[in-house]
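Hi,

Here is the structure I promised to pass on. Have a look first, and my notes on what turned up follow underneath.

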Amino acid sequence: MDRLLVIGGDAAGMTAASTAKRLAGDALEVVVLERGDWTSYSACGIPYWIAGDVKDHHDLVARTPAEHRARGIDVRTRTTAVAVDLDARTVTAQDEHGTESTLGFDHLLVATGAQPVRPPLPGIDADGVLGVQTLDDGVKVLAELERDPERVVVVGSGYVGLEMAEACLRHGSQVTVLERSAEPMGLLDPDLGEQVAAAVRGLGIELVAGTTVTGFRTGPDGRVTGVETESGVHDADLVVLGLGVTARSELVADAVELGARGGIVVDEHQAVPGRDGVWAAGDCVVTQHRLTGELVHVPLGTHANKQGLVAGRAIAAAVTGDASLRGEPFPGVIGTAITKVCDLEIAVTGLSESAARDAGFDPVVATIESTTSAGYFPGAEQLTLRLVADRASRLPIGAQIVGRQGAGWRIDTLAMALWTSTTVDDLAMTDLAYAPPFSSVWDPVQVAARVAARRLGTMV
């Protein structure tokens, strides 16, 4: 019997473990090492649990360790992989008591996820300076908020930073967000970022943009008391880091090729090139961007689950010798994402205008102002939609949406247009659903596509 050893028990790791065990059956022993207490949980849901929208962190867990064990998977929680020897095909693990053991493997899946960026600034390791990546991180942040901190400083204004700023505000704290760039949400073009900034400030959050954090002040007890920036000091009883993440790949960094943000390079079936029987999936890997061809690090649960499925199938095929189990490869990413600040929805897919130019495209940009439903219908909300198309191919290559409730879901239509190489002409004439409570007779997606087509000279 072959042994599959999985390091990491969240989305990618447990999807791969479950898939491989289901397909390979008794031919495969599966052992999972998970350093925390939970498996198969939604990390993206953590800010909403902290905010109170999700009542209990157990609601974020799709399948518990006990449920996985009942399906024949040996899940070992509170067990950390501390060393990997790919040549000897062994992993050294340490349990919660510090006891070490060595496990051999025939197949290894690295699904160690990502870790919050913690730049080497003075005081960053002080008590009260926390990142948010795992359920254990969420437990720590919530425990801090239950102490009723008067002042919370969030460093960074990406997805997690803004979601956590709103969550902390709802706990009654005074919240300041510090951002190095001129506007929040760096994936957005500046004018759309200004809309987000206005919404953040409208909540009562202090947003300080264009400032760089230089360190963290601490008190005699070693706890954070303030955040130092180039423009001054911001008092803080709690600091939440929202500076993005890097791949947690240090266990195998010396033995495999690494790409952007330390992500492990894998092939289309999640196998590590040159390392037979070694696989990686989830937030610890890089994957190909379908528009640019570059290897990018895009840590999202959607990709992690799909990559886990691809890896699990490939591992089962390797174990059984049945190539039909291998299934389809992971097809890459285009960078589709969505979030919200209060009722302001923010969504992106593909490339911005500047990113398109950097990638060698000749972009044409169409920006329209519209409404989430027919303008005359009660409750119609404003939205801004920006569509980026390539002049030579007339294909959409990027889109951004900022608007009130009901705006953001349109990003999926645009993502599918990018995914399937639908021209702006075809997108403008696509048979989309219409009723006044949901859109105008010309949906904003189609209006933007028509504007782009006119600028390309292919539609009057």
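Which backbone oxygen does the side chain of Ser173 reach? It's the one of Pro149, at 2.6 Å. Before you load this into anything, keep in mind that the model is predicted.

Let me stay with Ser173 for a moment. You'll find Ser173 in the loop between helix H5 (159–170) and strand E11 (174–179). Despite the loop address, Ser173 is buried, with a relative accessible area of 5%. Leaving out neighbours within four places in sequence, Ser173 is in contact with Leu145, Pro149, Glu150, Val152 and Cys168. For a long-range distance, take Arg248: 75 residues along the chain from Ser173, with 32 Å between the two C-alpha atoms.

Two of those contacts of Ser173, Val152 and Cys168, come back when you look at the packing. The largest nonpolar core has 40 residues. Val152 is among the residues with the most contacts inside that core, together with Ile50, Leu135, Val175, Leu188, Val196 and Val240. If you want a place to start clicking, try Val240: not counting residues up to four places away, Val240 touches Leu130, Val132, Val152, Val153, Val154, Val155, Met164 and Cys168. There is also a second, separate core of 27 residues, and Ala11, Val30, Val75 and Ala281 are included in it. As background, nonpolar side chains tend to be buried together in soluble globular proteins.

Now the cysteines. How many disulfides are there? The count is 0. Why is there no bond at Cys168? The closest cysteine sulfur, in Cys342, is 15 Å from the sulfur of Cys168, which is too far for a bond. Cys168 is also buried, at a relative accessible area of 0%. Cys284 is in no disulfide either, and the nearest cysteine sulfur, that of Cys44, is 16 Å away. Like the previous one, Cys284 has a relative accessible area of 0% and is buried.

On to the helices. Thr19 sits in helix H1 (residues 11–24). Is Thr19 buried or exposed? It counts as buried, because its relative accessibility is 5% and the cut-off for buried is under 20%. The side chain of Thr19 reaches back to the backbone oxygen of Thr15, at 2.7 Å. Setting aside neighbours within four places in sequence, Thr19 is in contact with Leu309, Gly312 and Arg313.

Arg313 turns up again in the surroundings of Leu325. Leu325 belongs to the loop between helix H7 (301–320) and strand E22 (337–341). Its contacts, again without neighbours within four places in sequence, are Leu23, Arg313, Ala316, Ala317 and Thr320. Leu23 deserves a second look: Leu325 and Leu23 are 302 residues apart along the chain, yet their C-alpha atoms are separated by 7.5 Å.

Thr302 is in helix H7 as well. With a relative accessible area of 47%, Thr302 is partly exposed. Thr302 and Leu251 are 51 residues apart in sequence, and 24 Å lies between their C-alpha atoms.

What about the rings? A search of the whole structure for aromatic pairs finds 0. There are charges over rings, though. Arg290 lies over the face of Trp419, at 3.7 Å from the ring centre. Arg450 does likewise with Trp442, at 4.1 Å from the ring centre.

Last, a couple of backbone angles to check. Most residues other than glycine have a negative phi. Where is phi positive in a residue other than glycine? One such place is Ser40, where phi is near 50 degrees. Ser40 is in the loop between strand E2 (28–33) and helix H2 (46–51), and is buried at a relative accessible area of 14%. Arg261 also has a positive phi, near 50 degrees. Arg261 is in the loop between strand E17 (245–247) and strand E18 (264–265), and counts as partly exposed at 47% relative accessibility.

That's what I have for now.

Cheers

Methods. Residues numbered from 1 in each chain as written. Predicted model: local features only at pLDDT ≥ 70, side-chain atom pairs only at ≥ 80, totals over all residues. Heavy atoms only, no water. Core = buried A, V, L, I, M, F, W, Y, C linked by side-chain atoms within 4.5 Å. Buried < 20%, exposed > 50% of the residue type's maximum accessible area, 1.4 Å probe, protein only. Contact = heavy atoms within 4.5 Å. Disulfide = S-S within 2.5 Å. Helix = DSSP H or I, 4+ residues; strand = E, 2+ residues; numbered from the N terminus. Polar contact = N/O pair within 3.5 Å; in protein donor to acceptor, adjacent residues only side chain to side chain. Phe/Tyr/Trp six-rings, centres within 6.5 Å; stacked < 30°, edge-to-face > 60°. Lys NZ or Arg CZ within 6 Å of the ring centre and 35° of its normal.
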